[in-house]
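Trainee: Could you take me through one part of this structure up close? I'd like to see how a single helix sits among its neighbours.

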Amino acid sequence: MRLAATFLNTYRTLHPDAEIDEWDLWDGSLPAFGPAAARAKMTVFGGGTPQGEEAEAWAAARAAFARFDAADRILFSVPMWNSGVPYVLKQFVDVVTQPGWVFGVDPVTGYQHLLRGRGKGAAVIYTSAVWGPGLGPEFGADFQAPFFTGRLGWTGIDDVTEIRFHPTLPGDAGETGRIAAEAARDTAKTF
């Protein structure tokens, strides 16, 4: 969160008129994507219109997507949890990744990435305390970036900059923190 704050402070200084929407996925505003929403998704896939409880779940997901889609530039702060991403980030992906919004499917050519060519870009801050680049498998593996940067690319957002902070158990947290903060400031300057 400190690196995200460093990024945003730099960005705000350079772009004082920019409209910034900070979305804390833990604040309860992200809708659930349970059975009613899944049925709504399959109804839409089948060419139908969700009704009743399904329509309500679909509308909540649509509102979350609209908030996400309103941004041209997006900053994500992604800590590693149990060799992956926090479940609320996966929930976010599941809520906004819907047919007709993020992707289309053609029976011959496959998936269409509907956010491609819309000028969207992302910066992703990846952090972990045990795994780090250059460490052996006994310290784990990077399941964050392959999943999340890969998912952004799949949507069509392929202008992605990664900022990494991996102080690791055997590493120097002070020096790696300084380097990561510098990367956050530099990325914010060109974002």
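**A close look at one helix**

Mentor: Let's start with the whole chain and then zoom in. Take the charges: there are 16 positive and 22 negative ones in the protein chain, and their mean positions lie 2 Å apart. Keep in mind that this is a predicted model. The C-alpha trace spans about 55 × 45 × 35 Å along its principal axes, and 39% of the 191 residues count as buried. The chain exposes about 10400 Å², with carbon and sulfur atoms supplying 55% of that area.

Now for the layout. The protein chain has 6 helices and 5 strands, and from the N terminus on they run α-α-α-β-α-β-β-β-α-β-α. If you take contacts between residues at least 6 apart in sequence, 70% of them join residues at least 24 apart.

So which part shall we pick? Go for helix H4, residues 87–96. Val88, Leu89, Phe92, Val93, Val95 and Val96 are buried there, meaning that each has under 20% relative accessible area. Why do these buried residues sit on the same side of H4? Because they cover an arc of only 165 degrees around the axis.

And what covers the buried residues of H4? Their cover includes two other helices, H3 (52–69) and H5 (144–155), along with strand E1 (73–79). Try finding Phe92, one of the buried residues of H4, and then look for H3, E1 and H5, which are among the elements covering that buried set.

Methods: Residues are numbered from 1 along each chain as its sequence is written. This is a predicted model: local features need pLDDT of at least 70, side-chain atom pairs count only at pLDDT 80 or more; totals for chains, interfaces and linings use all residues. Side-chain values use heavy atoms; hydrogens and water are left out. Buried means under 20% relative accessible area, exposed over 50%, partly exposed in between (1.4 Å probe, protein chains only). Helices (H or I, at least four residues) and strands (E, at least two) are DSSP runs, numbered from the N terminus. The arc is that of the directions from the helix axis to the C-beta atoms. Contact means heavy atoms within 4.5 Å. Accessible areas come from the Shrake-Rupley method with a 1.4 Å probe; for residues, only the protein chains shown count as cover. Lys and Arg count as positive and Asp and Glu as negative; His and the chain ends are not counted. The place of a charge is taken as NZ of Lys, CZ of Arg, CG of Asp or CD of Glu.
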